[in-house]
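Here is a short tour for anyone who likes to read a fold from its atoms. Please keep the viewer open while you go through the sections.

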Amino acid sequence: RFSREVTAGGLNLTLLGLGRNGHLGLNEPGSTRHSITRKVDLAVATREGLTRYGARSDTSWGLTLGLSELLESEDIWLLVRGEHKAEILAGTLKDPIGASLPATYLREAPNVVVWADEAAASLL
């Protein structure tokens with residue numbers, strides 16, 4: 001139901017952040033290009049990061065649109081800031097595309113714009 005409601009008219013613009021482990025929209029490492037909307041167990045690094053946005057520290061799962069749905073967006077903007085994201089951003093743009101670093105799948109989408117500050121882009 002969640003997937004149908006969100007994607008009913010298609011996604012026009014999807015804004016994504018880049019997780020420290022390369023996750024996109026809670027699609028943790030191990031998520032494939034064909035993953036669908038689902039309940040996911042969150043990695044420890046993701047849980048720690050979510051507390052900055054008000055999530056409880058004992059949050060262990062979340063709901064996410066799958067990569068297959070996210071990558072169908074008309075436009076995708078990836079927002080990345082901070083030196084702590086430099087290595088994962090470089091991997092996103094240079095490493096082999098695959099489930100071990102889900103953000104690499106963005107390179108298969110036709111309309112992706114990466115917005116990165118100087119610190120995040122320092123290894124490019």
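The sections below go through the sheet, its faces, an unusual backbone angle and the salt bridges.

## The sheet

Please bear in mind that this is a predicted model. Its open sheet has 3 strands in the order 1-4-5, paired in parallel. Strand 1 and strand 5 are the edges, and each has a single partner strand, so one side of each is left without a neighbour in the sheet. From one strand to the next, the twist averages 20°.

Strand 4 (residues 75–80) is the place to look for both pairings. With strand 1 (residues 13–17) strand 4 shares 5 bridges, and the two run parallel. Going along this pairing, Leu13 stands opposite Asp75, Leu16 opposite Leu78, and Gly17 opposite Leu79. Strand 4 is also joined to strand 5 (residues 112–116) by 5 bridges, again in parallel. Here Leu78 stands opposite Val114. To get from strand 4 to strand 5, the chain passes through helix 4 (residues 86–94), and this β-α-β crossover is right-handed.

## Two faces of the strands

Which side chains of strand 4 are buried? Ile76, Leu78 and Val80 are, and they point to one face. Asp75, Trp77 and Leu79 point to the other face and are not buried, so the side chains alternate along the strand. Strand 1 also has two faces: Thr14 and Leu16 make up the covered one, whereas Leu13, Leu15 and Gly17 belong to the uncovered one.## A nonpolar patch

What makes up the nonpolar patch on the surface? Leu13, Leu15, Trp77, Leu79, Val113 and Trp115 form it, and its area is about 550 Å². Strand 1, strand 4 and strand 5 each supply at least two of its residues. Several of these names have come up already: Leu13 and Leu15 are on the uncovered face of strand 1, while Trp77 and Leu79 are on the face of strand 4 that is not buried.

Trp115 is worth a click of its own. This tryptophan is in strand 5, and its relative accessibility is 45%. The cut-offs are under 20% for buried and over 50% for exposed, so Trp115 counts as partly exposed.

## A positive phi

Most residues other than glycine have a negative phi. Leu26 has a positive one, near 70°, although this residue is not a glycine. Where does Leu26 lie? Its place is the loop between strand 1 and strand 2 (38–41). Leu26 is buried, with a relative accessible area of 17%.

## Salt bridges

How many salt bridges are there? The count comes to 3. One of them links the side chains of Glu72 and Arg33, at 4.0 Å from N to O. Glu72 lies in the loop between helix 3 (67–70) and strand 4, and Arg33 in the loop between strand 1 and strand 2, so this pair ties together parts that are 39 residues apart in sequence. Are the two partners buried or exposed? Glu72 is exposed, with a relative accessible area of 57%, whereas Arg33 is buried, at 18%.

Arg33 also meets Glu108 in a salt bridge, at 3.1 Å from N to O. Glu108 lies in the loop between helix 4 and strand 5, so the bridge to Arg33, in the loop between strand 1 and strand 2, ties together parts that are 75 residues apart in sequence. Glu108 is partly exposed, with a relative accessible area of 43%.

Another salt bridge is formed by Arg56 and Asp58, whose closest N and O atoms are 2.7 Å apart. Arg56 counts as exposed, at 57% relative accessibility, and Asp58 is partly exposed, with a relative accessible area of 48%. Salt bridges with shared partners join Arg33, Glu72 and Glu108 into one network.

How values were computed
Residues are numbered from 1 along each chain as its sequence is written. This is a predicted model: local features need pLDDT of at least 70, side-chain atom pairs count only at pLDDT 80 or more; totals for chains, interfaces and linings use all residues. Side-chain values use heavy atoms; hydrogens and water are left out. Buried means under 20% relative accessible area, exposed over 50%, partly exposed in between (1.4 Å probe, protein chains only). Helices (H or I, at least four residues) and strands (E, at least two) are DSSP runs, numbered from the N terminus. Two strands pair if DSSP finds at least two bridges between them. A crossover is right-handed if, with the strands pointing away from the viewer, the path from the first strand over the helix to the second runs clockwise. Axes are lines fitted to C-alpha atoms, for helices over the stretch in contact, and angles run from 0 to 180 degrees between N-to-C directions. Patches are made of residues with over 30% relative accessible area and no salt bridge: like charges are joined within 9 Å, nonpolar side chains (Val, Leu, Ile, Met, Phe, Trp, Tyr) within 5 Å. Accessible areas come from the Shrake-Rupley method with a 1.4 Å probe; for residues, only the protein chains shown count as cover.
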